[in-house]
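The exercises below concern salt bridges and burial, and each is followed by a worked solution. Please look at the structure before reading on.

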Amino acid sequence: MTRSLVTGATGYVGGRLVPELIDAGHDVRVLVRDPRKARGHAWADRVEIIQGDATSPADIARAMEGVDVLYYLLHSISSGRGFGATELEIAEAFAEATRAAGARRIVYLSGMVPRDEELSEHLGSRSVVAQTLLDSGVPTAVLQAGVVIGSGSASFEMLRYLTERLPVMVAPRWVHTRIQPIAVRDVLRYLRLAADLPADVNRRFDIGGPDVVTYFEMMQRYAVVAGLPRRRVVRVPVLSPWWSSHWVGLVTPVPASLARPLVQSLRNTIVASEHDIADYIPDPPEGLTGFDRAVELALTKIRELDVPTRWSSAATAGAPSEPLLSDPDWAGGSLYTDERSREVEASPDRLWEVIEGIGGENGWYSWPFAWRVRGLLDRLVGGPGLRRGRRDRQNLAVGDVLDFWRVEETDGHTFLRLRAEMRLPGLAWLELRVGSDEGGTTTFHQRALFHPRGLLGQVYWWSVWPFHGIVFGSMQRNVAHAAETGRDVRAA
């Protein structure tokens, strides 16, 4: 049995690769900073979960003990500027640890690198990481993919929302750049089978689907599959990646911080220069998945609410990556709170059902217009806004995105803590708790917390404090009313 270590297992590709490896007979180990995020996946009880940090050589060495194949699916594209230096440092640490552990193979999912073109920061960093792993002394397969088409991928969500929301789009030259997209199912197949490549294979492989198109053609073909009228694009000669990324951030759920490196990469020609991977991993009998079929499959997954992983699993640039309240190194300081409690004439289970269903399409039970305005303002300053929605209409797990919040803690029955990822001069949380006393009375406890950063943080708290009674007060009343009346949470 092959023992495989999957890094990035709670991310978009990693979360889908793990069950495929398990089904293929691999003994899978995952390295995660927060085991709670891994336990939110259906495969959690079928893998070995190692808690550790990818920047810690000691944690990496511990995770690599006895491993045959390393699946390197880490990237820092969502960490903001300077992510290239971070990616190189982590890759060097893994290269050394993999060699020391005596592993027989590294498999790395990278981006397709065009020849004779100046690379974007994103593609340039991926290429440097690839070379670092190839020089590790451990046989390495670098799979260089183009735009990945699959439900929940950042590239697909960007394409989807641009096409659906803009019948006429003002766009720069990159909409006419040639691209070779690939379906996520084909990416996963290549990753799974790459573990068994011959020991003398140490190289890069371009992997792409059967279609070579421009971004404009992708939008038109998406519209056909989705049953939309033909889209029109008005090309402008100059539109910087900065402006393009903010435009994408306003129109799609992908925030500007993530859209910027994606848009920069679209300036490069992303077409395979070879298909040598077929010498080792032949194409499936039915052939690689075409673009139209990949879109059809992705839309079916979305309609059926069967999207196992999403791009938003990764942290948003500028947002806190670790919980503050549970950090033993936190030195304290100001921590403002707004606490409210009320009795609810409903069972604890019914109240929890409503609480766990908040956000996304279900709404926030309080001033919908005000929430939309707050989300728009957040997107204008580069935050995620409200368009990320939620992974599942009713169930939440640690690490899930919930509009511009992220689930930091939940026991799945009585307690939910959300950490704010909107742009704020400080750190914020919202806690919702179901309680009951010996007499059987159900109680609903709600607490908002804010740790200000500097004078601006202090000003922010006291400027919004008068509105808490309206926003949070009405939210608590309406959630309680929904539980008491038995109203379907989807109608909120």
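Glu-431 has a relative accessible area of 6% and is therefore buried, where buried means under 20% relative accessible area, exposed over 50%, and partly exposed in between (1.4 Å probe, protein chains only). The model is predicted, so that local features need pLDDT of at least 70 and side-chain atom pairs count only at pLDDT 80 or more, while totals for chains, interfaces and linings use all residues. Residues are numbered from 1 along each chain as its sequence is written, and side-chain values use heavy atoms, with hydrogens and water left out.

**Exercise 1.** Determine which residue forms a salt bridge with Glu-431, and place the pair in the chain.

*Solution.* A salt bridge requires a side-chain nitrogen of Lys or Arg within 4 Å of a carboxyl oxygen of Asp or Glu. Arg-447 meets this criterion with Glu-431, the closest N and O atoms being 2.9 Å apart. Arg-447 belongs to strand β19 (residues 442-452) and Glu-431 to strand β18 (residues 426-436), 16 residues apart; strands are DSSP runs (E, at least two residues), as helices are (H or I, at least four), numbered from the N terminus. Arg-447, at 25% relative accessibility, counts as partly exposed. Through shared partners, salt bridges join both residues into one network, which includes Arg-388, Arg-406 and Glu-408.

**Exercise 2.** Decide whether Arg-160 and Glu-157 are buried or exposed, and locate their salt bridge.

*Solution.* The two side chains meet at 3.3 Å, N to O. Both Arg-160 and Glu-157 lie in helix α6 (residues 154-165), three residues apart, or about one turn of the helix. Arg-160 and Glu-157 are both buried.
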